[in-house]
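Dear colleague,

I am passing on a structure that you have not worked with before, and my notes on it follow below. Please have it open as you read.

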Amino acid sequence: MGCCVSTRSKSTCSSRSNGERVSPSCLEVGFCGQKRATRRTFSDHVISLHHLPSLPSRIFANGKSRGSCIFTQQGRKGINQDAMIVWEDFMSEDMTFCGVFDGHGPHGHLVARKVRDTLPLKLLSFLHSGESKRNGSGKGCFKGNIKPDSGESENDCSAEDKLNSTWREALMKAYKAMDKELRSHPNLDCFCSGSTAVTIIKQGSNLFMASIGDSRAIMGSKDSNDSMVAVQLTVDLKPDLPREAERIKRCKGRVFALQDEPEVPRVWLPFDDAPGLAMARAFGDFCLKEYGVISIPEFSHRQLTDRDQFIVIASDGVWDVLSNEEVVEIVSSSPTRASAARTVVNSAAREWKLKYPTSRMDDCAVVCLFLDGKMDSESDYDEQGFSSATIQSNHSGNPIESDDGQKSEPCLQRNFTVRSSEEDETNGAVPVDVEDATSYADDQNWSGLEGVTRVNSLVQLPRFSEERPNS
């Protein structure tokens, strides 16, 4: 059931004599048809899921890396079901994989963590498989930017088309394989549990994006007047998007909102007012997979320019209370780059308290990726507010073991009681609380930029279970 990546046996960072940093060999993967003694290949070594937390260029807990920072905070709905990742030197030194995964349902936290750990490995596997086939047929090698061979005719696909095709195919296959593994997982019940996913691969000046669910990615960019503007990179795949609703209804699923929350369209079984899923695409949620909910991601590609500054990926706990423009402003004005993600979460927490004082705040997870690859000179976590008071860890300081036996990110300690306003102020916490993969240019006005989901992603579980189909 596991997915593994083959690389060299070394897993530590090294440096050249001139001081230039060499990415960990466990992350360097060469996809070239030529045999070279120094080329690292997939057959050199195998890295399993158990080794992932030790990879030096991969972060999944509150903190920062060379060019990014990430932060998550538990809401008031129970265990934190959000997961996040930044994996630098993903396949080469100029490639970064980052993503946010928002779980829902009884086992949503386990689903989100499983996807966080497994999906990148499946993507690597399919990229390697695809390029091995191309190399076997005498075609060029994959080094991130695909260049046409000199002998290609003018009628052949352009370099950009080939690049798009390679990444689209790999991402589509990785998402499909991920959902298939969840369906057959022996210890993880995904029948009424699932997760969103927003994944972005930055490779040189290219961005490749794939997303399902209602988490979102935006970009902060400078306009002609050097003013910061927000650019939405992904679409919130809500059930009321015209194409989503059409597909769900064609599969006999139902889409409607409850009377007490008319702004939240949901997906329902044809024969039961359950589960009421507040998104049209997700990993897991197999009780609805026959009724129009799919795990096929929306894929897009974007060429970066010098005006593009940073990318923010966040779960809907942030977007429910902050607009794209507000998040860009918060990141731009953050005291340090290393504290940008935490600042966004704290801002969202304050907005939950002000706008919806009687609602339970949702979990928030934020990834900030700075496109110039630079961070602040400060490395002291105390300066950025990261301390043992804000994250939960074991005595060794390592991430806690999750319920499914995998390493999980630290999370806020909770006693599930309502804190006083003084405690909230002190801790900076908040109160209660397709079948086709076509472009959605026509649906941009339906993407719910200011949409608010102040309730659970699922309303209730169906009256039957997968274990007892005849009951």
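What follows is a short account of the chain as a whole and then of two places in it.

Please keep in mind that this is a predicted model. The chain has eight helices and 21 strands, and of its 471 residues 54% are buried. About 20800 Å² of the chain is exposed, with carbon and sulfur atoms supplying 48% of that area.

I looked first at strand 9 (residues 95-104), where 10 of the 10 residues are buried, so that this strand is largely enclosed by the rest of the structure. In a regular strand, side chains alternate between the two faces of the sheet. On strand 9 both faces are covered, with Met95, Phe97, Gly99, Phe101 and Gly103 buried on one side, and Thr96, Cys98, Val100, Asp102 and His104 buried on the other.

Strand 9 runs antiparallel to strand 8 (residues 82-88), to which it is joined by seven bridges, and Glu88 has Thr96 as its bridge partner. Six residues lie between these strands in their hairpin, where Asp89 takes a positive phi near 55°. Strand 9 is also antiparallel to strand 11 (residues 197-203), with six bridges, and to strand 10 (residues 194-195), with two bridges; Gly99 stands opposite Thr199 in strand 11, while His104 is partnered by Gly194 in strand 10.

The second place is an open, antiparallel sheet of three strands in the order 15-16-17. Strand 15 (254-257) and strand 17 (275-277) each have a single partner strand, so one side of each is left without a neighbour in the sheet. From one strand to the next the twist averages 40°. Four bridges join strand 15 to strand 16 (residues 265-268), and Val255 stands opposite Val267.

With best wishes

Conventions: Residues are numbered from 1 along each chain as its sequence is written. This is a predicted model: local features need pLDDT of at least 70, side-chain atom pairs count only at pLDDT 80 or more; totals for chains, interfaces and linings use all residues. Side-chain values use heavy atoms; hydrogens and water are left out. Buried means under 20% relative accessible area, exposed over 50%, partly exposed in between (1.4 Å probe, protein chains only). Accessible areas come from the Shrake-Rupley method with a 1.4 Å probe; for residues, only the protein chains shown count as cover. Two strands pair if DSSP finds at least two bridges between them. Axes are lines fitted to C-alpha atoms, for helices over the stretch in contact, and angles run from 0 to 180 degrees between N-to-C directions.
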